[in-house]
Amino acid sequence: MVVAADVLRHGYHRQAFPRCQARILPVSAICDATHSAGIASKQNAPKGFSGGEEGVSPLPRRIALPGKPGCATLRSVHEAADTIKTWLPPGEMMGGILPWEWAGGVSPEGEGSMVAFADDLPEGKSHAVAGSPLCFAGFRETPFCGMFHSGRAAWECILLGEVRRRESQGLPPLRRVLVPRFTCATVWEPLGRIGLPGVPYGVALSLEPLLPEDAGEDDVLLLTDYFGVSGEMVMRVASSFPGLVVVDATMALFSRYGGMRLPAAKWASFYSLRKFAGVPDGGVAVASFEIPLPEAVASSEHRVEPLLRRRDGGAWAALAAGEAAEAELSAPASRMSRLTRRLVQQVDWESIDARRRENYAQLHAALGPINRLTLPETLPHGPFCYPLLSGIPGLRDDLIDRGVALPLLWPEVIENCPAESSENELARSLLPLPLDHRYSSKEMDWLIHLILG
C-alpha cells in the first residue's frame with residue numbers, strides 16, 4: 001500500500017497514484033482551526049518542508065478524530081507512516097501525514113511535528129486539488145472552505161451542502177431558514193433558487209436576535225456578525241441553537257467561527273472580500289461539512305470597471321458601473337474568478353486587519369459615551385466599520401456635507417419594517433463610520449471632531 005508519506009518522500013505524480021493524491025479531511029478536531037488540510041504531493045508541500053526530514057516533537061500525543069480510525073502527533077514522517085500502516089486494513093482505506101502548520105494551527109509539541117491520519121473518504125472527491133490550494137487572509141482552500149464569486153454565492157452553496165448532507169444521511173429535510181429582518185435583501189435570493197422556506201426574525205436595538213421559541217434541529221439559523229463587532233453575541237447565541245448555524249460574516253472578514261470557538265457539530269460561515277479590499281468580487285464559505293462547488297467559474301471583466309472609474313474619477317464617477325456590477329452578483333453561484341484569485345494573494349491582509357482594529361479603538365474611545373450601542377472597547381479582528389447610534393439630529397446629513405461617505409445600509413429594511421420597529425430605527429439612524437486601512441489616526445481625529453465639535 002502506498003500512503004501519502006510515500007508520496008511526499010518520492011514525489012509520485014497524480015496520474016500514477018490517483019488514490020494517494022489530494023486526500024483531504026477536516027482537522028478542526030485537532031486544533032483550533034476553521035479550515036481543513038490535506039496532503040497531495042511533494043511539489044505542493046509548503047516552502048521549507050521536506051517529507052523525509054525529522055520532526056522535532058519529543059513526545060507522541062494521540063488525538064481522536066470523530067468517525068475516523070485515529071490521529072496522532074508523532075516524531076517524524078517515518079514514524080507517522082509506520083503508525084498509519086498499523087491502523088489500516090490493507091486495500092480498504094487510505095492514510096497520510098501532514099505537518100501541523102498545514103493543519104492551520106500550531107502543534108502542542110512544537111513546530112515541525114507531524115500529524116498522522118487515517119482516511120476513509122470515498123473515491124472521486126470533487127474538491128481534491130491537484131495544484132496548490134488558494135491561501136490568503138487565514139483561509140485555505142479545501143472541501144470545507146470554498147472560494148466563490150460573492151458572499152451570497154458562498155451562502156447558497158452552504159445551503160446546498162446542508163441539503164445534500166441531510167439527504168446522504170437519511171435525515172429529515174430542512175424545515176425552514178431563519179433570516180434576520182435587519183439584513184440585506186440579497187440573502188433571500190439563494191433560498192428562492194434552492195426552494196427553501198424562509199422565516200424572518202426580529203433584531204433588537206442592541207443587535208440581539210429575537211428568535212422564535214420553537215426553533216429546532218431541522219432549522220437553519222442565519223446569524224449576522226453585524227459590522228464585525230458582534231462576535232461575542234454570535235458565539236453565545238450559536239452555542240445554544242439546536243440546528244445548523246450559518247454566520248453571515250460578510251462584515252467580519254477576519255473573524256473565525258467553528259472548531260474550538262464554536263463546539264456545535266453543525267456550523268458554517270461566509271465572507272465577502274470586496275468590503276475589505278479593492279477587489280472586484282470574491283466570497284468564501286467555511287463549514288463543518290463538505291461544500292459543493294458549482295461548475296461555472298466567474299469572470300471579473302465587467303466588475304473591474306467600477307474600481308478603475310473610482311480610481312480615476314472618484315466615487316460618483318463609478319456609481320453607474322458599480323450598480324451594474326452589483327446586479328451581476330445576483331447571478332447563480334459560480335467559483336471565484338481567476339483574476340480575483342490572483343489579486344487576493346497580493347493584498348496585505350494583515351496590515352488591513354491591524355489598521356481597522358486601531359481605528360476602531362480610537363473611534364470608540366471618543367464616541368463610546370454617546371453611542372447607544374454597547375460595544376467592546378477593542379476587537380481581536382478588524383471590523384467593517386464603527387456603528388454609531390447616537391440620536392444626534394441631522395448628524396448623517398452634516399457628515400455627508402463634509403465629505404464623509406455614509407451609505408444607508410439596507411434601505412429595503414425601512415420599506416419592509418414598521419416605522420416603530422427596532423429594525424427600522426437601526427436602518428434609519430445607525431451611522432456606519434468608515435475606519436478602513438486607507439485612514440490613519442489623523443483622519444479618525446478629524447471624524448471625531450466633526451461629530452463632537
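## A walk through the fold

The accessible surface of this protein comes to about 20,100 Å², and carbon and sulfur atoms own 53% of that area. Please keep in mind as you read that the model is predicted.

Let us start with the whole chain. Of its 453 residues, 53% count as buried. The secondary structure is made up of 13 helices and 18 strands. Among contacts with a separation of 6 or more, 65% are between residues 24 or more positions apart.

**The open sheet**

A good landmark is an open sheet of 8 strands with mixed pairing, whose order reads S9-S16-S15-S14-S13-S10-S11-S12. Its edges are taken by strand S9 (145-148) and strand S12 (209-210); each has a single partner strand, so one side of each is left without a neighbour in the sheet.

Strand S13 deserves a stop of its own. On one flank, strand S10 (residues 176-180) and strand S13 (residues 219-224) run parallel and are joined by 3 bridges. Here arginine 176 has aspartate 219 of S13 as its bridge partner, and valine 177 stands opposite valine 220 in S13. Strand S14 (residues 244-248) also runs parallel to S13, this time with 5 bridges between the two. Leucine 222, for one, has valine 246 in S14 as its bridge partner.

How many residues of S13 are buried? The count is 6 of the 6, so S13 is largely enclosed by the rest of the structure. Both of its faces are covered: Asp219, Leu221 and Leu223 are buried on one side, and Val220, Leu222 and Thr224 are buried on the other.

**Buried residues, one by one**

Three residues outside S13 are handy to set beside each other, each with its place and its relative accessible area.

| Residue | Place | Relative accessible area |
|---|---|---|
| Glutamate 162 | helix H3 (residues 151-168) | 1% |
| Leucine 207 | loop between S11 and S12 | 4% |
| Valine 404 | loop between H10 and H11 | 8% |

Glutamate 162 counts as buried because its relative accessibility, 1%, is under the 20% cut-off. Not counting residues up to four places away in sequence, glutamate 162 touches Leu174, Leu244 and Phe289.

Leucine 207, in the loop between S11 and S12, has a positive phi of about 75° although it is not a glycine. With 4% relative accessibility, leucine 207 counts as buried too. Another positive phi in a residue other than glycine belongs to alanine 137, where the value is near 50°. Alanine 137 is found in the loop between strand S7 (135-136) and strand S8 (139-140).

Which residues does valine 404 contact, leaving aside its neighbours within four places in sequence? They are Leu399, Pro434, Trp446, Leu447 and Leu450. Valine 404 and leucine 433 are 29 residues apart along the chain, while their C-alpha atoms are separated by 8.3 Å.

**Helix H12 and a cavity**

Further along the chain is helix H12 (residues 422-429), where Glu423, Asn424, Glu425, Leu426 and Ala427 are buried. What do the buried residues of H12 pack against? Their partners are strand S11 (198-203), helix H10 (395-401) and helix H11 (411-416).

Two of those buried H12 residues, Leu426 and Ala427, bring us to a cavity. Rolling a probe the size of a water molecule over the atoms shows where empty space is left. A search of the whole structure turns up 2 cavities of 30 Å³ or more. The second largest cavity holds about 40 Å³ of space, and its lining is formed by Phe182, Phe227, Leu409, Leu426, Ala427 and Leu430. Is that lining polar or nonpolar? It divides into 6 nonpolar residues, no polar and no charged.

**Pulling it together**

If you are turning the model as you read, two places make good stops. One is S13, with 6 of its 6 residues buried and parallel bridges to S10 and to S14. The other is H12, whose buried residues pack against S11, H10 and H11, and whose Leu426 and Ala427 help to line the second largest cavity.

How values were computed: Residues are numbered from 1 along each chain as its sequence is written. This is a predicted model: local features need pLDDT of at least 70, side-chain atom pairs count only at pLDDT 80 or more; totals for chains, interfaces and linings use all residues. Side-chain values use heavy atoms; hydrogens and water are left out. On a 1 Å grid over the protein atoms alone, a cavity is a set of points where a 1.4 Å probe fits but cannot get out, and a pocket is an open set with protein on both sides within 12 Å along at least five of seven lines; lining residues have an atom within 4 Å of a point. Grid points are joined across faces, edges and corners, and a volume is the space filled by probe spheres set on the points. Ala, Val, Leu, Ile, Met, Phe, Trp, Tyr, Cys and Pro count as nonpolar, Asp, Glu, Lys and Arg as charged, and the others, Gly among them, as polar. Buried means under 20% relative accessible area, exposed over 50%, partly exposed in between (1.4 Å probe, protein chains only). Contact means heavy atoms within 4.5 Å. Accessible areas come from the Shrake-Rupley method with a 1.4 Å probe; for residues, only the protein chains shown count as cover. Two strands pair if DSSP finds at least two bridges between them.
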